[in-house]
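Me: I would like to go through this structure by asking, for each description, what it rests on. Please set each value against its cut-off before you conclude.

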Amino acid sequence: MSEPRQTFRYKKLADEIESRIHSGVYQPGEKLPSIRQLHSQMNLSISTIHQAYIELETTGLIEARPKSGYYVSPISLNRLKPPEFDKIPAAPQKVALGAMVNSVLAAINNPRMLPLGSSSVSSELLPCRHFTRMLKTVSVQEMKGLLSYSLTEGNPELRRQIALRTMGLPKGIGPADIVITNGCTEAVTLCLQAILRPGDTLAIETPTHFGFLQLLRSLGLMVVEVPTHPRHGVDIGELEKILKKTPVRACLFMPNFQNPLGALMPDEKKEELVNLLNRLEIPVIEDDICGEMYYEEKQRPSLLKHFDRKDLVLTCSSFSKILAPGLRIGWAIPGKRFKDEILRHKAGTTVATSTLDQALIARFLSEGAYDRHLRTLRQAIKSQTFKTAWAILKHFPADTRLALPRGGSLLWVRLDRGISSLDIYEKALAHHISILPGTVCSVSGQFGNYIRIGCGHPFTDETEKGIETLGALIDECLHKEVSQGAASVLS
Ligand SMILES: Cc1ncc(COP(=O)(O)O)c(C=O)c1O
């Protein structure tokens, strides 16, 4: 029973040391107080202090030196500069995607590549043993039910479990408010189909999740791109300007750990955004697929739905980033206005979601293993993301910019303006490294000098070498650009 207090104490100490490092009280490379010193100064046990140091070590913030003690890492993440925020005005346009996107998708899913282009987490971080155990215990009697169709709205126990986890985010969400879907993709698709018709205009963030662009093209929608800040999300002032001159039918935003930016919209901005859209009666679909992937906060970030007073926010999510992407289980909380239309679309397209897959996740949640799994996963992705950021600082040219996220597993990296991320993407493939070139995250050809690096896989020597190779490729391109520039000046 003493575990939570113990956990709380070491975490508190780790947080305090971390904030001292970030504020510069402890400098890069400086020796930290020894465990014995802290033990005699503070009323804390040796094991609590040891645990705090181990936690900081896993994020790469400090390092242990044999027979010498703990030191602040010699490279400080404080040196990281976030990318500038370019507010490029955009007009509504059709979504056209080049053949490039297929090549990017193939590279991301190719198991022979170092998966820096992927936004998924490694299966090594998923509770594979637990799922194996559950499958082994299925009886023939149970299997009869599992081979039958599910209700269109989904397994009642799974909806109850999701409602329990959503408790208090918006008040009063119950199982009847939830529709289970084939991943977050189907949840977003159904919401779009319930609100928009082909040719209608949807406001999206720029940059955005490139999978959405494929979806929006196949639904025949027009899009208008709203400049999105690398730290704070959608720029509300820019959105307001767009709404004054463009008939926007709905918005699709990702306020929590946005893909690809990693941006987390603060609560006051969420409220301001929902107030604006409520006032103009514009529905907003929020993709919360990364909402549970926070590093530090004591609880998950809030939903736009929490601020909704007009039943105009439709929340979508799934277990794909945190538990089991292959089971394809997601959900929508569409509100009363759109729920029936969504169920009609689902019944007429995919009919229902896999009964077996829903039952497995429902059981995993009801056995109480989920929170433990999430705690471990959050620690792992934070550590991997920080270590990757460190490696980028070490190996990429000095003018590289990136914002360290507060959750999720993505780093959005700005390279020198003269660098083409498509060139780097192609050169990296030849070294069996996949990355996501920034251009595929926008319909207006922006972000040509950005790349997205995924940190969902354990950080190994191979990862470090991969980042080093990318740095060398970028350097090579930079030098070529400089020498070409010199040649054209001389000619
Ligand atoms: C931001 C975002 N939304 C939605 C999806 C799709 O999720 P799912 O696999 O649950 O359909 C992804 C997958 O990469 C994503 O990154």
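**What the descriptions rest on**

Reply: To begin with a sheet, four strands are arranged in the order E13-E14-E17-E16, forming an open sheet with antiparallel pairing. Please keep in mind throughout that this is a predicted model.

Me: What makes E13 and E16 the edge strands?

Reply: Strand E13 (401-402) and strand E16 (436-437) each pair on one side only, and they are the edge strands of the sheet.

Me: How do you know that E14 and E17 pair?

Reply: Two strands count as paired if DSSP finds at least two bridges between them, and strand E14 (residues 410-414) and strand E17 (residues 450-454) are joined over five bridges in the antiparallel sense; the requirement is therefore met. As one example of a bridge, arginine 414 has tyrosine 450 in E17 as its partner.

Me: Why are helices H3 and H14 called oblique to each other?

Reply: The axes of H3 (residues 46-58) and H14 (residues 370-395) come within 8 Å and cross at roughly 55°. Angles under 35 degrees count as roughly parallel, and 65 to 115 as roughly perpendicular, with those over 145 roughly antiparallel and the rest oblique, so H3 and H14 are oblique to each other.

Me: Which residues make the contact, and what classes do they belong to?

Reply: On H3 the contact is made by Glu55, Glu57 and Thr58, and on H14 by Gln379, Ser383 and Lys387. By class, this contact has three polar and three charged residues, and no nonpolar ones.

Me: Which residues are closest to the ligand, and what makes the approach of threonine 185 a polar contact?

Reply: Of the 14 residues that surround the ligand, the closest are Thr185, Asp287, Ser318, Ser320 and Lys321. A polar contact is a pair of N or O atoms within 3.5 Å, and an N or O atom in the side chain of threonine 185 is 2.5 Å from an oxygen atom of the ligand, so this pair qualifies. A polar side-chain atom of asparagine 259 lies 2.8 Å from a ligand oxygen atom, while for serine 119 the corresponding distance is 3.5 Å.

Me: Where are the cis peptide bonds at proline 207 and proline 260, and what are their omega values?

Reply: The bond from threonine 206 to proline 207 is cis, with omega near 0°, and proline 207 is found in the loop between strand E6 (201-206) and helix H9 (210-218). The bond from asparagine 259 to proline 260 is also cis, with omega near 15°, and proline 260 lies in the loop between strand E9 (248-253) and helix H11 (267-279).

Definitions and conventions: Residues are numbered from 1 along each chain as its sequence is written. This is a predicted model: local features need pLDDT of at least 70, side-chain atom pairs count only at pLDDT 80 or more; totals for chains, interfaces and linings use all residues. Side-chain values use heavy atoms; hydrogens and water are left out. Axes are lines fitted to C-alpha atoms, for helices over the stretch in contact, and angles run from 0 to 180 degrees between N-to-C directions. Helices (H or I, at least four residues) and strands (E, at least two) are DSSP runs, numbered from the N terminus. Contact means heavy atoms within 4.5 Å. Ala, Val, Leu, Ile, Met, Phe, Trp, Tyr, Cys and Pro count as nonpolar, Asp, Glu, Lys and Arg as charged, and the others, Gly among them, as polar. A residue is near a molecule or strand if one of its heavy atoms lies within 4 Å of it. A polar contact is a pair of N or O atoms within 3.5 Å; within protein, one must be able to donate a hydrogen and the other to accept it, and residues adjacent in sequence count only if both atoms are side-chain atoms.
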